[in-house]
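Got your viewer open and a hand on the selection tool? Let's take a walk through this one together.

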Amino acid sequence: MRIALDPQMLRTTPLLELPDLVARMGYEWIELSPREDFVPFFKHPRVDTATVRAFKTRLADAGVGVTSLLPVMRWSGPGEVERQAAVRYWRRAIEICVELGVDTMNSEFNGRPEAPELAEAMFWRSMEELLPVFEREGLTLALEPHPDDFIELGHPAVDMVRGIDSPCVSFLYCLPHTFHQGDDAPGIIAHAGDLLTHVHVADSMDHTASDGLRYITNPPGNPVRVHQHAEIGRGDVDFDEAFAALAGIGFDGVLTTCVFGWDDEARESGTRMLAAIRELVSKHFPDGTLP
C-alpha cells in the first residue's frame, strides 16, 4: 500500500520544486492532479517533453515517485467537438505519462447528468479510441464517479467499470464524495472488490443531513452539488467504517491525500493527513506495511 499526496494546494509551487517540497512533508509519492503548467482541466497539456524529463530527474533526486496522473477531460461530451478534442488531449497526456514512467492514470466519467444516455454513448465512443492506447502502453485507467457527472452513484459506477471488461480499467473510490455516491462506502467498496485500486482520502460534510437543510441554496431545488475535501475529522465521513471495508477486501492500492481549500495550511495539512492515514491503516490493517 502506498500513500500519495495530491499537491493541488501546492499548485503555485514551481513544478520542478515540487518533488523536494513533497519529500520534506514526509511523502514518497505524488498523484499529479490537473495543473495549469502541466495538464490543465479540460485543455491540451501545456508541458513539453524537456520539462517532463527534467521533472523526472527531480523526482528521482528527491526519492519521490508518481503513483498516477489525473487528467480531467470532456470525453463524454456534452458535444462531439468537445469529445474529439478531449480524445486528442488524452493522447498527449498518455504520452506524458509514459515519458514519466508512470503506469496509472485516474479520471472521472464526466458528461452531463441531465443527459446520461447521450453522455454514456460519447464515453463509449471515446473508450473505443483510447482503450487500445492504454492497453498498448500497459497503463491502468482508474475511474471514479464524480458529483455532476453522468454517473454519480458508486454502485452503478462499479458496474460500468466492470462492463468495460478490461484488465487495464479499475475503480477509484473518493471518500469526500461519499454522500454523493449513495452514502454506502462499505457496500460500494465490497461491490468493487478487486476492481478497487485507488482511494482518495479527505473528509466532507453530509449535505443530506438535517432534512437536506445543512446547505441552503436559493432558489430551492438548484441542481448544485456541494461537498468539501477537508482534513479527516472535519466532516461526517466514517473513516473507521471505510477502512474496515478496505481491509475486508484486502485492499493494497494507493491512498491519496486530497485536501483542497486550505491553501494557507497546505504543508501542515498534508503532514497531518499523512499521520492520520497511517494511523487508520495501522488500526485496520494490522499486518500492513507502509513507508
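Before anything else, keep in mind that you're looking at a predicted model.

**Stop 1: the cysteines**

Search the whole structure for disulfides and you'll come back with zero. A disulfide is a covalent bond between the sulfur atoms of two cysteines. Select C97 to see how this plays out: the nearest cysteine sulfur belongs to C168 and sits 12 Å away, so with a cut-off of 2.5 Å there is no disulfide here. Now jump to C168, which is in no disulfide either; the nearest cysteine sulfur to it is that of C97, at 12 Å. Are these two buried or exposed? C97 is buried, with a relative accessible area of 0%, and C168 counts as buried too, at 12%.

**Stop 2: a pair within a helix**

Side chains of opposite charge can pair when their charged atoms come close. In this model, the count of salt bridges comes to 19. Start with E80 and R83, whose side chains meet in a salt bridge with an N to O distance of 2.9 Å. Colour helix 3, residues 80-100, and you'll find both of them in it. Why is it about one helical turn from E80 to R83? Because they are three residues apart in that helix. Switch on a surface and compare the partners: E80 is partly exposed at 25% relative accessibility, while R83 is buried at 3%.

**Stop 3: a pair within a loop**

Next, select R214 and D236. Their side chains form a salt bridge too, 2.4 Å from N to O. Where do these residues lie? Both are in the loop between helix 7 (209-212) and helix 8 (239-248), so the pair ties together parts that are 22 residues apart in sequence. R214 is partly exposed, with a relative accessible area of 33%, and D236 is partly exposed as well, at 34%.

While you're here, pick R234 and E231. Their side chains meet in a salt bridge at 3.9 Å, N to O. R234 counts as partly exposed at 38% relative accessibility, whereas E231 is buried at 8%.

**Stop 4: a network**

Salt bridges can also link up into a group. Select R112, E114, D148, E152 and R225 in one go, and you have a network of salt bridges on screen.

**Stop 5: the cavities**

Time to look inside. How many cavities of 30 Å³ or more does the structure hold? There are two. The largest has a volume of about 70 Å³. To find its lining, select L5, D6, P7, M9, L10, M25, T257, V259, A266, S269 and G270. Colour those residues by type and you should get seven nonpolar, three polar and one charged. Which element gives the most to this lining? That would be helix 9, residues 266-284, with three residues.

**Stop 6: the annotated stretch**

Last selection: residues 20-269. In an unreviewed entry, UniProt places the feature "domain: Xylose isomerase-like TIM barrel" there. Turn on the cartoon view for this stretch: the chain is 40% helix and 14% strand. Then draw a distance between the C-alpha atoms at the two ends, and your viewer should show 17 Å.

Conventions: Residues numbered from 1 in each chain as written. Predicted model: local features only at pLDDT ≥ 70, side-chain atom pairs only at ≥ 80, totals over all residues. Heavy atoms only, no water. 1 Å grid on protein atoms, 1.4 Å probe; cavity = no way out; pocket = protein on both sides within 12 Å on 5 of 7 lines; lining within 4 Å. Points joined across faces, edges and corners; volume = space filled by probe spheres on them. Helix = DSSP H or I, 4+ residues; strand = E, 2+ residues; numbered from the N terminus. Nonpolar A, V, L, I, M, F, W, Y, C, P; charged D, E, K, R; others polar. Buried < 20%, exposed > 50% of the residue type's maximum accessible area, 1.4 Å probe, protein only. Salt bridge = Lys/Arg side-chain N within 4 Å of Asp/Glu carboxyl O. UniProt positions renumbered as here; feature names shortened; annotations may be inferred.
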